[in-house]
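I opened a fresh page for this chain. I wanted its overall build, then its strands, then one pair of helices.

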Amino acid sequence: MELASKRQTDVAKLLDYLTTVVKYKVLNPAASVQLPDVAVLSQPLYNWVLASRPQESRQDHSQCMLPMVIMYKFYKSDITCTQKNVPWKSVLNLLYEHQYVILNWPAGVDAVGPNFNVKSLTADELCTLTVPFLKEQMGVDYFAEGLEDNDKGTGQVVPTPKSSFYLQHWTTGEIGQVQMLTT
């Protein structure tokens with residue numbers, strides 16, 4: 001259980017493998033069977049919420065995913081919001097209230113601000129914001145869906161970063177600067 005908790009191991013796969021090893025050892029006691037490679041079994045479970053729907057375009061999928069990405073980032077940073085979906089105009093307010101900043105925002109995509117409008121983002125910009133997150137969360141399932149084909153050869157104007165943007169708490173220097181500006 002500890003191994004499963006620490007590495008998020010798929011216990012069902014582990015038990016299937018161990019059952020196979022035990023059965024094989026019963027049939028052939030002289031056989032030397034190695035212990036399972038836990039790294040292979042530690043893939044995250046497939047998340048149907050993140051998967052694209054049949055006949056769904058990249059832009060539609062990314063537009064649905066972007067609010068989920070922001071909510072996930074807020075959840076991980078302990079930023080609570082009473083709404084199910086955070087309006088983009090209140091993202092900056094929430095970040096300011098909880099003293100967080102967005103880092104690793106993709107170059108070529110307008111920064112979140114008073115004039116930020118998700119509906120005006122192109123398909124490439126939306127994918128640039130969502131694809132790294134989907135790859136991080138879905139792992140090999142992202143590639144199994146065939147979505148990686150959509151990332152290559154599309155003539156993207158905005159390059160897709162290797163990792164997703166994230167939220168970081170203000171440093172003491174930043175807190176001091178904000179206090180000086182507000183007093």
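My entries follow in that order.

**Overall build.** I noted that this is a predicted model. I looked up the secondary structure and found nine helices and two strands. Going along the sequence, I wrote down α-α-α-α-α-β-α-α-α-β-α. Next I checked burial. Of the 183 residues in the chain, 33% are buried. I then looked up the exposed surface, which is about 12,100 Å². Carbon and sulfur atoms supply 56% of that area. Last, I looked at contacts between residues at least 6 apart in sequence: 64% of them join residues at least 24 apart.

**The strands.** How do strand 1 and strand 2 pair? I found the antiparallel sense, over four bridges. Strand 1 covers residues 100-103, and strand 2 covers residues 166-169. I picked out Val101 and found its bridge partner in strand 2, Gln168. Val101 also lies on the uncovered face of strand 1, along with Leu103. Tyr100 and Ile102 form the covered face. I added a general reminder: side chains in a regular strand alternate between the two faces of the sheet.

**One helix pair.** I turned to helix 4 (residues 58-76) and helix 6 (residues 123-138). Their axes come within 8 Å and cross at roughly 60°. An angle under 65 degrees but not under 35 counts as oblique, so helix 4 and helix 6 are oblique to each other. I recorded their crossing as left-handed. Then I listed some of the residues in contact. Helix 4 contributes several, including Met65, Leu66 and Val69. From helix 6, I noted Leu126, Leu129 and Phe133 among them.

Terms used. Residues numbered from 1 in each chain as written. Predicted model: local features only at pLDDT ≥ 70, side-chain atom pairs only at ≥ 80, totals over all residues. Heavy atoms only, no water. Buried < 20%, exposed > 50% of the residue type's maximum accessible area, 1.4 Å probe, protein only. Pairing = 2+ DSSP bridges. Contact = heavy atoms within 4.5 Å. Areas by Shrake-Rupley, 256 points an atom, 1.4 Å probe, with all protein chains shown as cover. Axes fitted to C-alpha atoms, helices over the stretch in contact; angles between N-to-C directions. Parallel < 35°, antiparallel > 145°, perpendicular 65-115°, else oblique. Left-handed = near helix turned anticlockwise from the far one by under 90°.
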